Amino acid sequence: MDIDIRGKSFAGRPVLGPIRLTLVQGQRVAILGPSGIGKTTFLRIVAGLDGDFDGTVSDTGRTTMVFQEPTLLPWRTALENITLPTGVSPDAAQALLAEVGLAGKDRLYPRQLSLGQQRRLALARAFAPDPTVLLMDEPFASLDAQTAGRMLDLTAALLDRAGASLIFVTHDPTEAAHLKAQPLTLRGSPATLG
Amino acid sequence: MPAVLSLAAFLALWAVVAVVVAEPITMPGPLRVGAVLVDELASGRLLTNTGITLLRVIAAFIVAMGIGVALGLVLGRSSRTDHWVNPWLVILVNMPALVVTVLCYIWIGLNEVAAIAAVVINKVPLVTVMVREGARALRPDLDDMARIFRMTPSARLRHVVLPQMAPYIAGAARAGLSLIWKIVLVVEFLGRSSGVGFQIHLNFSMFRVAHILAYAFAFILVMLLIEYLVLRPLERHASRWRQDGH
C-alpha cells in the first residue's frame with residue numbers, strides 16, 4: 001500500500017501536512033500522537049472514507065477496518081453481522097466466531113452481547129474477507145486494562161495467521177509494542193509523521 | 001377494561017340523546033343504526049362497497065408509500081435536492097385535498113386513475129416529510145462500515161438503511177392509512193359510483209343518517225382490523241431485535 005498525502009484541510013485550515021508511507025505485505029505500523037492531532041483523519045483518508053484531500057492512496061488491496069466503536073448492525077444477528085457486510089459463507093463466519101470466543105452466540109443480537117463481545121465480533125468481521133491491510137482506530141480505548149490485553153492478544157494472533165499489514169491508530173505506545181507495530185508519531189501543525 | 005366501559009358509556013349517551021331529540025331520521029339511535037347495518041350486510045351492498053373502497057385504499061396506499069419513501073430517502077440524504085424540492089412539498093402539504101381531487105377529475109377524467117391519483121397526490125407529501133426525518137437521522141458510522149466492506153447498494157438498502165428507517169416508515173404508514181381512507185371517501189363522494197363514499201353521497205341526498213352512520217362504522221371496523229391484524233404484527237416483527245434475552 002502506497003500512501004502519499006500532500007495535504008488535508010478542514011474549511012481552509014490545514015490539518016495534515018505531507019505524509020508518505022509505503023507498507024509492504026505483513027508490515028505493521030502504529031500511528032501515535034495526542035488527541036486532535038489528525039490520527040483519525042489520516043486513517044479515514046487511507047480507508048477511502050474521505051476523498052477530499054490532496055494526494056493519492058494506491059495499491060490498497062483488500063482493506064478492512066475496526067472502528068473506535070463496534071459499529072454493528074443492531075437489527076441483525078452476530079452471524080449476519082459477519083456474513084452480510086463481508087459476503088462470507090455462514091460456515092466461515094461460524095469458524096471466525098469460534099476463533100474470537102463467540103461460539104454459540106451466532107443467533108444473538110448485538111445488544112444481547114457485552115461490549116467486550118461486541119468488539120470481538122467487530123474484530124471477527126474485519127478478518128472475515130481475508131484482508132491484506134487492516135486499519136484499526138483506537139479500538140481498545142474504552143476497555144479496561146485486562147479486557148484490552150485479551151483483545152490485543154487476540155488481534156495479534158489473528159494478524160499472524162492472516163499475514164495482513166496493519167495501520168493501528170492509538171495514543172498508547174504499549175499497545176503498539178504489544179502488536180509489534182513500528183511506532184510512528186504524528187506531530188506539528190499541520191501534522192506530519194516525525 | 002376502561003376501553004370497554006368508555007365505549008359502553010358512549011353508546012348509552014348516544015341512545016339517550018336520540019330518545020331526547022326524538023327525530024329518528026336525522027338522529028337515529030344505536031339500535032336503529034345496528035338494524036340498518038344488518039340490513040345492508042344481508043343485501044350484500046355493505047360488503048361490496050366496503051370491499052371496493054378498501055381496494056382503492058390499498059392501491060393508493062401502496063403507490064403513495066412507494067413514491068413517498070423513495071422521495072423521502074433521497075431528500076433526507078441530499079440536502080441540495082432537498083433545497084430544490086422542499087418548496088413544492090410545502091405547497092402540496094398545504095393544498096386542500098378537495099382542490100387536488102377536483103383538479104384530478106377535471107384533468108384526468110371521472111375514472112379510477114383520477115381517483116387513485118388524487119389520493120396519492122394528497123398523501124405523498126406527508127409520507128415524504130416523515131421519511132425524510134428518518135433519512136436525516138441515519139447513522140454515519142454504519143455508512144462508513146458499509147463502504148469499508150463494499151456492501152452492494154441493494155444490501156446497504158436492505159440491511160443498513162431500511163432497518164433504521166423502519167420506525168419512520170411505520171409511522172408514515174399508520175398516519176397514511178387513516179388519512180388515505182378519509183380522502184378516498186371524499187374522492188368517491190365527488191366522482192365515483194361505487195364505494196362507501198358513494199353510498200354516503202347517495203344516503204346524504206335522501207337524508208338517511210342511519211345509513212350514513214352504518215357505513216361509517218363498518219369502515220372504522222375494517223380499518224381497526226387492519227391495524228391489529230396487519231400493522232401491529234408487522235411492527236412487532238420489525239422490532240424483534242430490540243428485545244432482551246434469548
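In the predicted model, the C-alpha centres of domain 1 and domain 2 of chain A are separated by 24 Å. Domain 1 of chain A comprises residues 1-62 + 134-194, and domain 2 of chain A covers residues 72-130, according to the domain assignment. Contact between the two domains involves 10 residues of domain 1 of chain A and 9 residues of domain 2 of chain A. On the domain 1 side, the largest share is contributed by helix α5 (residues 145-162) of chain A, which supplies 6 residues.

A helix pair was also examined in chain A. Helix α2 (residues 78-86) of chain A and helix α4 (residues 115-127) of chain A have axes that come within 9 Å and cross at roughly 30 degrees. Because angles under 35 degrees count as roughly parallel, α2(A) is classed as roughly parallel to α4(A). The crossing of α2(A) past α4(A) is right-handed. From α2(A), the residues A:A78, A:N81, A:I82, A:P85 and A:T86 meet A:L121, A:A124 and A:R125 of α4(A).

A second helix pair is found in chain B, formed by helix α4 (residues 79-94) of chain B and helix α6 (residues 112-136) of chain B. The axes of α4(B) and α6(B) lie 8 Å apart, and the packing angle is about 130 degrees. This angle makes α4(B) oblique to α6(B). The two helices, α4(B) and α6(B), cross in a left-handed sense. Their contact is built from B:L89, B:L92 and B:V93 on α4(B), together with B:P125, B:L126, B:T128 and B:V129 on α6(B).

The interface between the chains brings 15 residues of chain B into contact with 16 residues of chain A. On the chain B side, two or more residues are given by each of α7 (140-148) and α8 (153-191) of chain B. Of the elements on this side, α7(B) gives the most, with 7 residues.

The largest nonpolar core contains 102 residues, among which B:V119, B:V131 and B:I180 touch the most other members. At least three residues of this core are drawn from each of domain 1 (1-62 + 134-194) and domain 2 (72-130) of chain A. The surroundings of B:V131 were considered further. When neighbours within four places in sequence are left aside, B:V131 is in contact with B:G68, B:V69, B:G72, B:L73 and B:G76, and also with B:M165, B:Y168, B:I169 and B:A172.

Note on methods
Residues numbered from 1 in each chain as written. Chains lettered and ligands numbered in written order. Predicted model: local features only at pLDDT ≥ 70, side-chain atom pairs only at ≥ 80, totals over all residues. Core = buried A, V, L, I, M, F, W, Y, C linked by C-beta atoms within 7 Å. Buried ≥ 20, exposed ≤ 12 C-beta atoms within 10 Å, placed from the backbone. Domains from an automatic or database assignment. Contact = placed C-beta atoms within 7 Å. Axes fitted to C-alpha atoms, helices over the stretch in contact; angles between N-to-C directions. Helix = DSSP H or I, 4+ residues; strand = E, 2+ residues; numbered from the N terminus. Parallel < 35°, antiparallel > 145°, perpendicular 65-115°, else oblique. Left-handed = near helix turned anticlockwise from the far one by under 90°.
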